[in-house]
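Please open the structure in your viewer and keep the selection tool at hand. The tour goes from stop to stop, with a selection to make at each.

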Amino acid sequence: MSTHRIRTSHGVMSILPLLMASMAPVLTNLSYGFSLGGDTAPSLTLIIVFFWVSRRPTLLPPILVLLIGLWHDILIGAPVGLTSLLLLGVRAAIVEQNFIVFSQSFLLGWIGFAALCAGVTLAEWVLVSWLQSELLSLSPFVVQALLSIILYPVVAGICGWLDYIVFGIRKG
Amino acid sequence: MSRISTRTPDNVSLTQMLAQRASFIIAIFISLGLLIFGKIDDDFNLQVQRLVVDIVTPVAQTVRKPVDWAVSLGAIVEAYTLSAEESAALRQENDQLRLLVPTSDQLASENTRLRALLALPSITDSPKIMARSVTHPGSAFLWTVLLDAGADDGVEVYHPVVDHAGVVGRILSVGRRSSRVLLVTDLNSRIPVLIESSGDRAIMEGNNSRLPVLSFLEAAHQVSPGDRVLTSGDGGVFPSLLPIGTVTSPREGELRVEIFADLSRLEYVQILAFDPVPPPEQLVEEPLPEDDEGTGAQAPALDGLEPEAVE
């Protein structure tokens with residue numbers, strides 16, 4: 001007999017993934033008067049969107065992912081539409097291609113995130129180079145991707161704990 | 001222990017699936033459309049950011065408050081634990097600096113007199129606007145930060161931004177109470193500079209790294225690592241002779257500049273409300289200002305000149 005608590009209606013807590021993803025660029029790009037990650041910060045937004053889309057895709061429908069991406073771009077001063085396009089690509093890769101295996105275990109989730117992060121990084125580099133009409137150095141993009149992959153367990157752990165507390169299902 | 005999948009495709013009706021698919025396609029089109037529009041129209045991204053920058057900044061400031069409290073608490077603890085040796089060293093340093101005050105005053109006075117003779121505006125005459133950096137650069141391809149001062153404080157596009165060490169960048173877009181700075185290291189930054197030791201002029205180009213590149217330097221062989229790099233004042237956006245950094249050893253055949261300002265730890269900065277020197281043709285075209293009080297003194301025709309006009 002399963003000991004999991006299952007709630008069919010999440011009510012106001014359904015906005016948790018949206019709230020977390022919206023706060024991500026604010027937290028990673030805040031000036032604290034000291035340096036958190038040097039020149040390049042990990043993409044907390046990507047980690048959070050990946051986690052929640054792989055766990056609860058219905059709580060982050062495409063329109064919300066679009067808004068999260070636009071918010072991220074406006075906050076950090078990126079070309080508007082860039083992050084939303086990349087995040088929608090991530091959502092499509094997980095949901096449309098049935099990569100639901102990512103939510104089956106922590107390790108699979110980490111490996112899946114690393115693979116998708118590599119793809120997103122490459123796509124971002126190509127898009128930004130196109131926007132700038134100049135082939136940019138790939139190294140800052142790779143550093144950002146590596147930092148994101150390293151940070152994934154911590155953020156996914158917090159998200160998983162919140163998932164259990166709020167929605168009552170433990171996985172992985 | 002049985003695993004429970006959160007995805008229950010059977011529970012999702014065909015209508016819901018179609019609606020979700022349609023919203024996905026619409027979202028993709030919106031993102032692509034915005035990207036392409038931004039590529040075609042250079043000002044599009046700036047205009048969008050100008051509209052929302054005043055919403056973003058208060059949110060960021062609110063979120064940062066707990067961190068600010070923790071940092072200030074740490075500073076109080078540090079101040080109490082300052083050792084006697086450190087206090088003595090600071091007192092000695094203070095005494096040495098006081099000895100330099102008369103010399104500094106004399107040089108400032110001489111500088112003012114010489115500038116008056118040449119009718120050159122001094123950057124010390126420009127109003128300075130204090131601002132705090134709300135964000136820090138953290139993107140792989142962007143070096144911009146948000147400041148908590150905007151048009152209401154007198155900030156305008158192109159105003160230079162400096163910190164205690166040197167040039168930080170220039171204002172890129174302005175909201176009512178906040179503004180965005182394009183840092184000197186950003187790929188889109190180009191600053192006319194001169195090498196202090198040789199007087200050679202060059203363009204310092206940002207390259208999304210900590211070390212911008214010096215280009216269009218005619219006498220590169222005359223430049224040595226460690227030479228100071230200053231703004232040349234060409235182009236009119238930056239006043240002349242603001243310190244930027246020092247030349248590093250050549251890398252991959254390029255001379256680079258190590259920036260004085262620590263851009264990843266920016267906190268308080270000054271925005272120079274600098275009115276640039278206009279080209280002579282504009283001085284001729286502009287009517288001379290009327291002197292209402294009849295004192296006979298006439299200010300140089302610099303006030304009210306938009307930086308864009310010079311660019």
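A residue counts as buried under 20% relative accessible area, as exposed over 50%, and as partly exposed in between. Keep in mind throughout that this is a predicted model.

**Stop 1: a salt bridge in chain B**

Select E196(B) and R228(B). Their side chains form a salt bridge, with N and O 2.9 Å apart. The two residues come from distant parts of the chain, 32 residues apart: R228(B) is in strand β9 (residues 228-231), and E196(B) is in the loop between β6 (190-195) and β7 (201-205). Is E196(B) buried or exposed? Neither: its relative accessibility is 43%, so E196(B) counts as partly exposed. R228(B), with a relative accessible area of 33%, is partly exposed as well.

**Stop 2: from β7 to the loop after β9**

Now select R201(B) and D234(B). This pair also meets in a salt bridge, 2.8 Å from N to O. R201(B) belongs to strand β7, while D234(B) is in the loop between β9 and β10 (243-247), 33 residues away in sequence. Both are partly exposed: R201(B) has 44% relative accessibility, and D234(B) has 36%.

**Stop 3: two loops held together**

Select R176(B) and D152(B). The closest N and O atoms of this salt bridge are 3.3 Å apart. R176(B) sits in the loop between β4 (167-174) and β5 (179-183) and D152(B) in the loop between β2 (144-147) and β3 (160-162), so the salt bridge ties together parts 24 residues apart in sequence. D152(B) is partly exposed, at 48% relative accessibility. Over all chains, the structure holds eight salt bridges.

**Stop 4: the interface**

Show both chains and colour them separately. Select the residues in contact: there are 60 in chain A and 52 in chain B. The area buried between the two chains is about 5200 Å², and carbon and sulfur atoms give 65% of it. How many salt bridges are counted between chain A and chain B? The count is zero. Polar contacts do cross the interface, and the rule finds nine such residue pairs.

Next, restrict the selection to the side of chain A that touches chain B. Helices α1 (16-28), α3 (62-76), α4 (82-96), α5 (106-132) and α6 (139-167) of chain A each supply at least two residues to this side. The largest share, nine residues, comes from α3(A). Coloured by class, the side shows 33 nonpolar, 18 polar and nine charged residues.

Notes
Residues numbered from 1 in each chain as written. Chains lettered and ligands numbered in written order. Predicted model: local features only at pLDDT ≥ 70, side-chain atom pairs only at ≥ 80, totals over all residues. Heavy atoms only, no water. Contact = heavy atoms within 4.5 Å. Buried area = accessible area lost by both parts, 1.4 Å probe. Salt bridge = Lys/Arg side-chain N within 4 Å of Asp/Glu carboxyl O. Polar contact = N/O pair within 3.5 Å; in protein donor to acceptor, adjacent residues only side chain to side chain. Helix = DSSP H or I, 4+ residues; strand = E, 2+ residues; numbered from the N terminus. Nonpolar A, V, L, I, M, F, W, Y, C, P; charged D, E, K, R; others polar. Buried < 20%, exposed > 50% of the residue type's maximum accessible area, 1.4 Å probe, protein only.
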